[in-house]
Amino acid sequence: MPRAEPILEVRDLVRHYPLTRGVLFRKQVGAVKAVDGVSFELRPGETLGIVGESGCGKSTVARTLVNLERPTSGSIRYQGEDITRLSGRALKAVRRDIQMVFQDPYTSLNPRMTVGDIVGEPYEIHPEVAPKGDRRRRVRELLEVVGLNPEHVNRYPHQFSGGQRQRIGIARGLALRPRVIVADEPVSALDVSVQAQVVNLMERLQDEFGLSYVFIAHDLSIVRHISDRVGVMYLGRIVETGTDTEIYDHPTHPYTQALLSAVPVPDPEARERRERILLSGDVPSPADPPSGCRFRTRCWKARERCALEVPLLAVPAAFRDAGTPARHDSACHFAEELPVVAGGAGPPRDRPVPGPPPPGGSGPRAA
Ligand SMILES: Nc1ncnc2c1ncn2[C@@H]1O[C@H](COP(=O)(O)OP(=O)(O)OP(=O)(O)O)[C@@H](O)[C@H]1O
Ligand code: SF4
Ligand SMILES: [Mg+2]
């Protein structure tokens, strides 16, 4: 069956924040390369999960998608049209269709506004969606849709629990009947017991309203649960992308393998058997990323080529003819499957990673 056209198509997205010096005469001395060449597609009704360590640029991608920030370069096509070039009414119309759900339900809701006013606020900016006389009814309907009591429309955010507040945020995100929702860590601030309820609610709403999601999180288990496809980010770039099975069961990029090997495994036997990959060192500064492969300062497989040549996000040559899920995009010169990740079978040993390679990289590194 032919695949549907993407609803969102991101190409070579770059967002740099200038670093300046001087008080009177500000001079640019560099740039924080928060997002540095990210490409992906989102198809109608699909959920794309984006994972990666803190500071890798996930929220920056999210903000550019919903036009809270303009990218430095690159394109974001919504239904075929590059929205980074739009302004005025055309931009306003697109903003209606792509909504964001924020991370922290404690700070993202105005404490002085009632729930009704919070959920109905988007209608002030887009009055064409709901005539004034109909807004109250719609707000009550939205509260019901997200599992809240419509009778509580006049309450204030502090009168709700964290999970309920996130439901308010989701109701607000739905008010304009968007096609795409960008959810930036929507459950990270919630108790584990409440996380599943909110994720289940989002899945139900997706089916009910035909929504497409970009779902950002650092919890790999939650991302697997909700995502059809996953993109793994490291230092401003996507290093590996594929279906949930491809990424979780057949990762070929060392960074993904390391991330997965750190996921807690509930089964004690599997925990015993699995191999953990311990990454040493901190994530390098996005103002001065390493040459070649950005992961090379923490990668146990780094060789000279890794310092010299930027690995492209594509199906690695070794897997081009493979008939297995290992055949997916991975930005690594030496991509290979590791037999033991995320609780799979294998010898019970840790894989310590030695310090960063010498400048320019030299020879194979111990594993
Ligand atoms: N307005 C800004 N000015 C300068 N640097 C910024 C700005 N916003 C973000 N950054 C930097 O860009 C990088 C990416 O930040 P971003 O918030 O996108 O990361 P993240 O992946 O969402 O992290 P987290 O998981 O902690 O939310 C970080 O190094 C951050 O310090
Ligand atoms: S390209 Fe080299 S440094 Fe980068 S992930 Fe692959 S082996 Fe490691
Ligand atoms: Mg973030």
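A residue is termed partly exposed when the count of other C-beta atoms within 10 Å of its own falls between the limits for buried, 20 or more, and exposed, 12 or fewer. The legends below describe close-up views of a predicted model.

**Figure 1. Loop residues Q79 and N67, each with a positive phi.** Q79 has 15 C-beta neighbours inside 10 Å and therefore counts as partly exposed. Its position is in the loop between β4 and β5 (81-82), and its phi is near 50°. N67 lies in the loop between α1 and β4 (73-78), with phi near 65°. Because 19 other C-beta atoms lie within 10 Å of N67, this residue is likewise partly exposed. Most residues other than glycine have a negative phi.

**Figure 2. The two assigned domains and their contact.** The domain assignment divides the protein into domain 1 (8-227) and domain 2 (256-352). Their C-alpha centres are separated by 30 Å. Ten residues of domain 1 and seven residues of domain 2 take part in the contact. On the side of domain 1 that touches domain 2, the elements giving two or more residues are β2 and α8 (220-226). Strand β2 supplies the largest share of that side, with five residues. By residue class, the side of domain 1 that touches domain 2 comprises five nonpolar, three polar and two charged residues.

**Figure 3. The largest nonpolar core, with 82 residues.** Within this core, the residues with the most contacts are V119, A171, V182, V214 and V232. Strand β2 (residues 27-42) contributes the largest share, namely five residues. Both domain 1 (8-227) and domain 2 (256-352) give residues to the core, so the core lies between them. V182 can be examined individually: leaving aside residues up to four places away in sequence, V182 touches A62, L65, V66, I98, M100 and V214.

**Figure 4. The shell of ligand 1, formed by 13 residues.** The residues that come nearest to ligand 1 are Y17, A34, S54, S59 and T60. Two elements, β2 and α1 (58-65), give two or more residues to this shell. Helix α1 gives the most, with three residues. The shell around ligand 1 divides into five nonpolar, seven polar and one charged residue.

**Figure 5. The shell of ligand 2, formed by 13 residues.** Closest to ligand 2 are C293, R296, C299, C306 and C332. The shell around ligand 2 is made up of nine nonpolar, two polar and two charged residues.

**Figure 6. Helix α10 (residues 254-261), a mostly covered element.** Eight of the eight residues in α10 are buried. These buried residues are P254, Y255, T256, Q257, A258, L259, L260 and S261. Their covering includes α8, β9 (229-234), β10 (237-243), α9 (244-249) and β11 (276-278).

**Figure 7. The span 8-260, annotated in UniProt.** An unreviewed UniProt entry lists residues 8-260 as "domain: ABC transporter". In the model, the end C-alpha atoms of residues 8-260 lie 27 Å apart. The span is 36% helix and 28% strand.

Note on methods
Residues are numbered from 1 along each chain as its sequence is written. Chains are lettered from A and ligands numbered from 1 in the order in which they are written. This is a predicted model: local features need pLDDT of at least 70, side-chain atom pairs count only at pLDDT 80 or more; totals for chains, interfaces and linings use all residues. A nonpolar core is a set of buried Ala, Val, Leu, Ile, Met, Phe, Trp, Tyr and Cys residues joined through C-beta atoms within 7 Å. Helices (H or I, at least four residues) and strands (E, at least two) are DSSP runs, numbered from the N terminus. Domain bounds come from an automatic or database domain assignment. A residue is near a molecule or strand if its C-beta atom, placed from the backbone, lies within 6 Å of it. Ala, Val, Leu, Ile, Met, Phe, Trp, Tyr, Cys and Pro count as nonpolar, Asp, Glu, Lys and Arg as charged, and the others, Gly among them, as polar. UniProt positions are given in the numbering used here, feature names are shortened, and annotations may be inferred rather than shown by experiment.
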